[in-house]
Amino acid sequence: PDDDHLSLSLRQLQLATLLCNNAKFDPETMSLPLVERKVLGDATDSALLRFAHQVSDTSVLSPSFERTFEIPFNSRNKWMMTVHQGSRTNPQVIKTLFGANIMDANNTAANEKDDMLVFVKGAPDVLLPYCSSFWSATTKNGHQPLTPEWVAELTRMQTTWSRGGKRVLMLCKGRYSPYLAQHNLSMAGSSTSNAIQEELTRQGLQELCILGLVGIMDPPRAEIKDTIRACRGAGARFFMVTGDFGLTATAIAKQIGLFSTEREPHTYENIMDPSLSASSHGYEKSTSDVSLQQVEVGRPRFREGTSLVLTGSDLAKMSPGEWDLVCTYEEIVFARTSPEQKLRIVTEFQHRDGVVAVTGDGVNDAPALKAADVGVAVVTGSDVAIEAADLILLGGFDAIPEAIRLGRLAFQNLQKVIGYLLPAGSWSEVWPVLINVFLGAPLSLSSFLMVIVCCFTDAFPCTALVMEQEEFDLLSLQPRNSKKEHLITLKIYAQSYFFIGNTMTFFCNMFFFLYLKEYTGVGFSDLVFTFGNIPEEKLAARGITLDEFNGYYVNTAQCVCFVTLVILQWGNILSVRNRRMSILQADPFRKQRRNFWLFLGILASFLVAVLVTETPGIQEIMLTNSVPIKYWLLPLPCALFIIVADDVRKLIVRVFPKSFLARIAW
């Protein structure tokens, strides 16, 4: 082709990319070089706008064509259409740029009664059935019939570019003779009319002329590959749901590591006939059995190393049984999907006990974001997507693995808080009541002191547990089953009540009765089953009246029990902060697990205990008494015993991971 025809072909493509476009440059950056200007619009329109301005000066093009109507791109149609009328004020510019013959042949002259110029851009596989010709620089008038050979060539070109990860768009032009305009009705005033849109869709998509194909490289974010790797290491499956062409989505999936192998992914044919999965990749026949199998930890085994590509048309005809097979794949790309299909993908995985997180930034993503267990929007996304989401990413996608880690850390720390509170806050406070009611011995802990333990002395240290760092790499753990593994489990109850709780209950009541034996001569054996009938002869031998015993001495013994419980909780908190590691391996002093807040919490609980037992006003009103220094010191080795005993338990769990203790360990 000669230079004039080649230049004319490029001009046609330039005009289409400029006019069938909703992006625009930020006026504040127009003085900057083209590559530095900021574009207001989506990535595809932004790329086409920059291309149009790179071809040649566009200052006279936009004013020369008045846009009279538009059908925006949507994920269902996969195309965008704009309708233009030549400007009456500058018709000569159009003829100069595009040639008189071409203008006359396509009825794009400046006469307002002529047909209107239509530009369409969209997916090649969607627009090809509506095309009858293509623009060629080798013919005199530019038009050449679209033969099956050329359709095959264009399809081959789309396939080649898509395999390279390019988003391929076809740009076409046509003409439109509006019936409403011929009857002197205002197009502008009826721009929202459904009748006009239906007429335009029906007529504007007829006998289109292909102006060219464009391939757009929309490189994935630099951090996405590491994000996928980290999420998979955490046991999360990572899928792609996109409106792009299947081959483009597959190529991008391989670039970012979403598809971990170079083998061709499975398709819908493999779902309809699972035996193809084995024969096509050389697997044993047994691998075609993709039913959910239970592994040692009780979680389903997925088809590791197998990838799957499904299109929107595939999803439309899938049965529930086929969805069962799809949900066992480790790596999936859903291409050419609509908003309704995105929503269905979320619900199908949720129906199979999946916890689904969805990331998105567009209006079309809003239904899926809302239905997901965790909707994650990007801060630069649409307002609708942000409103529908549960979380908003202020930075890059590399924040997702960190969010998973912090979520698991918060969950574990909450379990540690519960494990810390249960022994003293409930178990050790229930037993004094049970002993009093069923064994008839005096109440070893008053209701006031129980409240102090729950609301004050336990509150400060357990708050410090929230500041704990991870004990091991939390991203190496497999996800928990949210329907079976709750925040508090039977294992936590067993640890808190039967191991730590019983130990603390024993020591607290032991010191209660030890104090009474030492100071009144009446011990546990003398008080059990008395139900208030205290042996007065033993009290008289010490010169103690019954009222003094039930008043001062019992109140003081209750304070001894209270102080013992507070101090034993110090050992409990130093033990519960590590689920598997010894305190020698993960002490609160070294940098990796440093937590000085623990000691601040312990100090606060100590000060509260001193305040309650030593303040005269509180002693008089709440019937508390000063505790002998001896009974402040005796519980300390008992607290150390709790640490050592639990460390021995952890050692057994580490050395014998299949033992009974390991199976019931929390």
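The following exercises, with worked solutions, concern the predicted model shown above.

This is a predicted model in which local features need pLDDT of at least 70 and side-chain atom pairs count only at pLDDT 80 or more, while totals for chains, interfaces and linings use all residues. Residues are numbered from 1 along each chain as its sequence is written, and side-chain values use heavy atoms, with hydrogens and water left out.

**Exercise 1. The protein as a whole**

State how many helices and strands the protein has, and what percentage of its residues count as buried.

Solution.
Step 1. Helices (H or I, at least four residues) and strands (E, at least two) are DSSP runs, numbered from the N terminus. The protein has 30 helices and 15 strands.
Step 2. A residue is buried under 20% relative accessible area, exposed over 50%, and partly exposed in between (1.4 Å probe, protein chains only). Of the 666 residues, 48% count as buried.
Step 3. Contact means heavy atoms within 4.5 Å. Among contacts between residues at least 6 apart in sequence, 70% join residues at least 24 apart.

**Exercise 2. An aromatic pair**

Determine which kind of aromatic pair Trp570 and Phe606 form, and where the two residues lie.

Solution.
Step 1. Rings of Phe, Tyr and Trp (its six-membered ring) pair if their centres lie within 6.5 Å; planes under 30 degrees apart count as stacked, over 60 as edge-to-face and the rest as tilted. By this rule, there are 19 aromatic pairs.
Step 2. The centres of Trp570 and Phe606 are 6.3 Å apart and their planes meet at 65°, and the pair is edge-to-face.
Step 3. Trp570 belongs to helix α25 (residues 546-576) and Phe606 to helix α26 (residues 597-614); the two are 36 residues apart, and the pair links distant parts of the chain.
Step 4. Trp570 has a relative accessible area of 16% and is therefore buried, whereas Phe606, at 31%, is partly exposed.
Step 5. Elsewhere, one aromatic cluster is formed by Trp427, Trp431, Tyr493, Tyr497 and Phe498.

**Exercise 3. The largest nonpolar core**

Identify the residues that touch the most other members of the largest nonpolar core, and the helix that gives the most to this core.

Solution.
Step 1. A nonpolar core is a set of buried Ala, Val, Leu, Ile, Met, Phe, Trp, Tyr and Cys residues joined through side-chain atoms within 4.5 Å. In soluble globular proteins, nonpolar side chains tend to be buried together.
Step 2. The largest core has 62 residues, of which Leu516, Phe549, Phe562 and Leu568 touch the most other members.
Step 3. Several helices supply at least two residues each, including α19 (399-438), α22 (490-520) and α29 (635-655). Helix α25 gives the most, with 17 residues.
Step 4. Beyond its neighbours within four places in sequence, Leu516 is in contact with residues including Val522, Phe549, Tyr553 and Ala557.
Step 5. Another core, of 26 residues, lies apart from this one; among its members are Leu13, Leu48, Leu117 and Leu171.

**Exercise 4. Two residues of helix α22**

Decide whether Thr520 and Gln495 are buried or exposed, and list contacts of each.

Solution.
Step 1. Thr520 lies in helix α22, and so does Gln495.
Step 2. Thr520 has a relative accessible area of 0% and is buried; Gln495, at 13%, is buried.
Step 3. Not counting residues up to four places away in sequence, Thr520 touches Tyr515, Lys538, Leu539, Arg542, Ile544, Phe549 and Tyr553. With its neighbours within four places left aside, Gln495 is in contact with Ile500, Gly501, Asp646, Arg649 and Trp666.
Step 4. The C-alpha atoms of Thr520 and Val554, which are 34 residues apart along the chain, are separated by 9.9 Å.

**Exercise 5. Strand β8 and its partners**

Name strands that pair with β8, and give the sense of each pairing.

Solution.
Step 1. Two strands pair if DSSP finds at least two bridges between them.
Step 2. Strand β5 (residues 116-122) and β8 pair in the antiparallel sense over 7 bridges; Leu117 has Arg175 in β8 as its bridge partner.
Step 3. Strands β8 and β9 also run antiparallel and are joined by 7 bridges; Leu169 has Val214 in β9 as its bridge partner.
Step 4. Strand β8 (residues 167-176) is largely enclosed by the rest of the structure, because 8 of its 10 residues are buried.

**Exercise 6. Positive phi**

Locate Glu207 and Phe531, and give the phi value of each.

Solution.
Step 1. Most residues other than glycine have a negative phi.
Step 2. Glu207 has a positive phi of about 50° and lies in the loop between α9 (194-204) and β9 (208-216). Glu207 is exposed, with a relative accessible area of 62%.
Step 3. Phe531 has a positive phi near 50° and lies in the loop between α23 (524-527) and α24 (536-541).
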